[in-house]
Amino acid sequence: MCSEGIVERYVNFYTDFAFKKLFGTEINKELLISFLNALLHGREKIEDITYLNAEHLGTQEYDRRAVFDVYCKNEKGEHFIVEMQKGEQQFFKDRSIYYSTFAIREQAPRGDWNYELKGIYTIGILNFSIYPDNTDFYHEIKLIDIDTKEIFYDKLTFIYLEMPKFTKEEDKLETLFDKWLYAIRNLATLMKRPEALQEMVFTRLFEAAEIAKFDRKERYEYEESLKNYRDWISVIETAENKGVAKGHAKGLEEGIAKGRELGEKEKAIAIARQLKDMNIDVEVISRSTGLDIKEIERI
């Protein structure tokens, strides 16, 4: 058994196990439906979803392998790719674009086709900031005409939630969306269900997230996932601290700039080394760190 030990009552939403259990299983799909409806702010009402194969192989041998956290479509045929991202990646935006192409290509039926596509949403719940100089935590991106600023294509949507910037406390929660983000951010630190989260969907959430109700297999899988999450955070913090220290050693602006560069590189190498020790596939490590596969193999 994992030796980490668990004192929390509810799972940490940022772990792979918790995210996929709560948002990626048929038995709990009402949770994902509620979250997506809240995220879309009433623009449409999702009644049901069908989970799709989250692992895709490219059409050619040299195509890269893609694994999504949660991949589903609603009753209208619109596709949703939902990911929880624990740490910053060098080519995170590239990865988001790349993943969306699978939802585009697989809509092509056999035989005649007029190229009409259903909507595609790529959603990233991020435990880091991609826009550090922007105080907004919600970012929605579409293809636009640069000159007119009008939306060129409204069926391809990227939504990023920068969770560190969501700081509302319980007494400030107003919408169902607020409540979902509060639950995601604070679930692991709560010992009881907050008074503000009285909707029936949160009854289901807290029941499904209670660690004491896990069977032995689930408990072990969660402990392993929690350990990996903590190791990941530790590796990132250590690498960042080393990068800052080297930056100060170089002195002033040039030293800080160089330190950041070294810190990012050392962070990527340290994370890759940690993931290799966990026997993670080198292609997954490459996507997670931005390092070349050959470089990873030399570590």
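## The β7–β8 hairpin

In this predicted model, Ile-141 stands opposite Phe-158 of strand β8. The two strands concerned, β7 and β8 (residues 151–162), are antiparallel and are joined by 6 bridges. Together β7 and β8 form a hairpin, with 6 residues separating the strands. Within the turn, Lys-149 adopts a positive phi of about 65°.

## The sheet

The hairpin strands belong to an open sheet of 6 strands, arranged in the order β1-β4-β5-β6-β8-β7. Pairing in this sheet is mixed. Its edge strands are β1 (49–51) and β7 (138–144), each of which pairs on one side only. On average, and with direction ignored, neighbouring strands of the sheet are turned by 25° against each other.

Strand β8 also pairs with β6, to which it runs parallel; 7 bridges join β6 and β8. Here Ile-120 stands opposite Leu-156 of β8. Strand β8 is thus flanked in the sheet order by β6 and β7, with the parallel pairing to β6 and the antiparallel pairing to β7.

## Helix α1 on the sheet

Helix α1 (residues 16–23) lies across four strands of the sheet, namely β1, β4 (70–74), β5 (79–85) and β6 (120–126). The helix runs at about 155° to β5.

Because 6 of the 8 residues of α1 are buried, the helix is largely enclosed by the rest of the structure. The buried residues of α1 are Phe-17, Ala-18, Phe-19, Lys-21, Leu-22 and Phe-23. Lys-21, a charged residue, is thus among the buried positions of this helix.

## The packing of α2 against α4

Two packed helices are described by the angle between their axes and the distance between the axes. For helix α2 (residues 29–39) and helix α4 (residues 176–186), the axes come within 8 Å and cross at roughly 125°. Since this angle falls neither in the range of 65 to 115 degrees nor over 145, α2 is oblique to α4. The crossing of α2 past α4 is left-handed.

On the α2 side, the contact is made by Leu-31, Ser-34, Phe-35, Ala-38 and Leu-39. Helix α4 contributes Leu-176, Phe-177, Trp-180, Leu-181 and Ile-184. By residue type, the contact of α2 with α4 comprises 9 nonpolar residues and 1 polar residue, with no charged residues. The polar residue is Ser-34 of α2.

Technical notes:
Residues numbered from 1 in each chain as written. Predicted model: local features only at pLDDT ≥ 70, side-chain atom pairs only at ≥ 80, totals over all residues. Heavy atoms only, no water. Pairing = 2+ DSSP bridges. Axes fitted to C-alpha atoms, helices over the stretch in contact; angles between N-to-C directions. Contact = heavy atoms within 4.5 Å. Parallel < 35°, antiparallel > 145°, perpendicular 65-115°, else oblique. Left-handed = near helix turned anticlockwise from the far one by under 90°. Buried < 20%, exposed > 50% of the residue type's maximum accessible area, 1.4 Å probe, protein only.
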